[in-house]
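Reader: I am in my first year and would like a close look at one part of this model. Please explain the terms as you go, and then place that part among others.

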Amino acid sequence: MKPFSKLTAAASLLACCYAGQSLAAVTPTSVIKHYADIALAKYEDSLSGAKILQTQIDTFLSNPTPETLQGARDAWVASRVPYQQSEAYRFGNAIVDDWEGRVNAWPLDEGLIDYIDADFYGEESEENPLYTANVIANPSLTLGGQTIDATDITPELLAGQLHEIDGIEANVATGYHAIEFLLWGQDLNGTDQGAGNRPATDFSEENCTGGHCDRRRAYLSAATTLLITDLEEMVGNWRDGGAARKALADKGEAGALATILTGLGSLSYGELAGERTKLGLMLHDPEEEHDCFSDNTHNSHYYDAMGIRNVYLGEYQRVNGEVLKGSSISQLVAAKAPEVDARLREELDATQAVMHKMVDAAKDGNTFDVLIASGNKAGNALVQAAVDALTTQTRSIEKAIQALELGNIELEGSDSLDNPSAVTGG
């Protein structure tokens with residue numbers, strides 16, 4: 001880290017009177033409450049987005065055309081905007097982290113769900129006996145000598161029997177990415193431009209392609225219904241008296257502040273900089289891309305980074321344009337160590353700027369999987385710049401933890417950052 005630059009008078013004034021609220025009026029209690037209020041707003045917006053997605057999917061299934069399929073895809077992309085900003089609530093909040101795998105688990109072995117291109121995907125996996133089980137084509141599955149009745153594809157089947165079946169995390173049967181795979185299909189372009197291109201007729205009752213269109217329709221409907229149910233649960237957890245609010249309050253002020261900063265630091269470093277960005281770059285592997293079927297990863301990364309920033313600043317712009325603004329971790333840090341707060345806010349802005357460059361690149365077809373291609377020096381440099389920005393801001397998050405005297409907090413790491421030889425074998 002370079003030495004902290006000397007604060008200007010204007011920056012000092014901003015630190016003291018941030019968001020028009022005197023630091024004396026900001027307390028840990030007010031920060032914790034506002035943090036929970038923002039969580040509720042983000043999950044409410046995510047739920048609203050999922051309901052819009054369901055409406056668009058219903059429209060598509062009633063008339064499967066390229067146009068209605070695009071409408072469902074657009075609704076899926078839009079639904080990710082508030083949800084990705086909510087990921088800053090993971091890690092420290094066990095209720096969120098335990099639940100998250102039901103709605104956002106990745107990467108997934110898509111052959112569990114539907115047909116695949118064996119030349120691209122392979123025909124078997126030593127780790128996963130259900131690698132190509134294709135539940136859409138098969139009304140019964142056999143695992144360990146036991147038969148699973150999949151005659152009726154329902155939310156209960158997906159959540160209760162198929163999701164992470166056999167204890168294998170890649171057996172993702174539910175959530176955003178299962179829906180994504182059904183809407184786009186496999187991305188067979190590798191690190192070349194282009195996303196998945198599943199035809200609308202894969203869901204047609206009269207002109208079915210891909211086989212078993214009735215079961216594919218049932219799967220898409222069931223997965224979307226389940227997504228809404230899961231999001232409704234998390235909304236309830238953050239309402240007044242909800243389990244997540246209560247769990248946060250039960251930790252006491254110091255414990256709750258530690259939870260907030262654990263979420264920010266762990267998402268920034270181990271998850272976003274490491275597992276979602278650096279790992280794919282090291283391996284030049286589009287299979288390590290977060291939204292690998294839709295090529296929407298640039299947006300997911302951008303809004304993940306935004307989620308870190310808006311939790312730290314105590315700000316969130318809802319999908320209806322309403323802005324929530326209140327007591328923040330930033331203000332608590334500014335009262336203790338104004339130079340740390342000023343530096344971190346600068347770094348959060350710098351990270352957003354780098355992430356926006358990836359969004360801009362995607363507009364020209366240079367999506368994340370293209371940027372990480374072997375030999376794409378400019379693309380690799382842009383992705384590495386995002387990793388570096390996230391790593392830098394994490395070091396300042398650690399300084400913020402120290403400034404608030406919250407003790408030793410262990411943030412999530414990643415072999416891609418901490419032990420690269422474990423990834424490359426070198």
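Author: Buried means under 20% relative accessible area, exposed means over 50%, and partly exposed lies in between (1.4 Å probe, protein chains only). Helices (H or I, at least four residues) and strands (E, at least two) are DSSP runs, numbered from the N terminus. The model is predicted, so local features need pLDDT of at least 70 and side-chain atom pairs count only at pLDDT 80 or more, while totals for chains, interfaces and linings use all residues. Residues are numbered from 1 along each chain as its sequence is written, and side-chain values use heavy atoms, with hydrogens and water left out.

The part to look at is helix α12, which covers residues 329–336. Of its 8 residues, 6 are buried, so the rest of the structure largely encloses α12. The buried residues of α12 are I329, S330, Q331, L332, V333 and A334.

Burial can also be followed at single residues in other helices. Q393 belongs to helix α15, residues 377–403. Its relative accessibility is 0%, so Q393 counts as buried. Setting aside neighbours within four places in sequence, Q393 has contacts (heavy atoms within 4.5 Å) with S268, I308, L344, E347, L348 and T351. A350 is 43 residues away from Q393 along the chain, and their C-alpha atoms are 9.0 Å apart.

A second case is A50, which sits in helix α2. A50 has a relative accessible area of 0% and is therefore buried. Again without neighbours up to four places away in sequence, A50 is in contact with S79, L227, I228 and L231. One of these, L227, is separated from A50 by 177 residues along the chain, yet the two C-alpha atoms are 7.1 Å apart.

Helix α2 leads on to the nonpolar core, a set of buried Ala, Val, Leu, Ile, Met, Phe, Trp, Tyr and Cys residues joined through side-chain atoms within 4.5 Å. The largest such core here has 115 residues, and those with the most contacts inside it are Y43, Y89, I179, Y219, L220 and W238. Helix α2, residues 28–62, gives the largest share of this core, with 15 residues. Y89 touches Y35, I38, A39, K42, Y43, V96, W238 and V311, if residues up to four places away in sequence are not counted.

Helices can also be compared in direction. The axes of α9 (residues 243–250) and α10 (residues 252–283) come within 7 Å and cross at roughly 120°; axes are lines fitted to C-alpha atoms, for helices over the stretch in contact, with angles from 0 to 180 degrees between N-to-C directions. This makes α9 oblique to α10, as angles under 35 degrees count as roughly parallel, over 145 as roughly antiparallel, 65 to 115 as roughly perpendicular and the rest as oblique. Where these two helices meet, L248, A249 and D250 belong to α9, and G252, A256 and T259 belong to α10.

The strands give another picture. Strand β1, residues 140–143, has L141 and L143 on a covered face, and S140 and T142 on an uncovered one. β1 runs antiparallel to strand β2, residues 146–149, and 4 bridges join them; two strands pair if DSSP finds at least two bridges between them. L141 has I148 in β2 as its bridge partner, and L143 stands opposite Q146. The two strands form a hairpin with 2 residues between them, and in the turn G144 has a positive phi of about 60°.

Some details of the backbone lie in loops. P107 is in the loop between α4 (94–104) and α5 (118–121), and the peptide bond from W106 to P107 is cis, with omega near -15°. E164 is not a glycine, but its phi is positive, near 55°. It lies in the loop between α6 (155–162) and α7 (176–184). With 32% relative accessibility, E164 counts as partly exposed. H284, which is also not a glycine, has a positive phi of about 50°. The loop that holds H284 runs between α10 and α11 (297–313). H284 has a relative accessible area of 29% and is therefore partly exposed.
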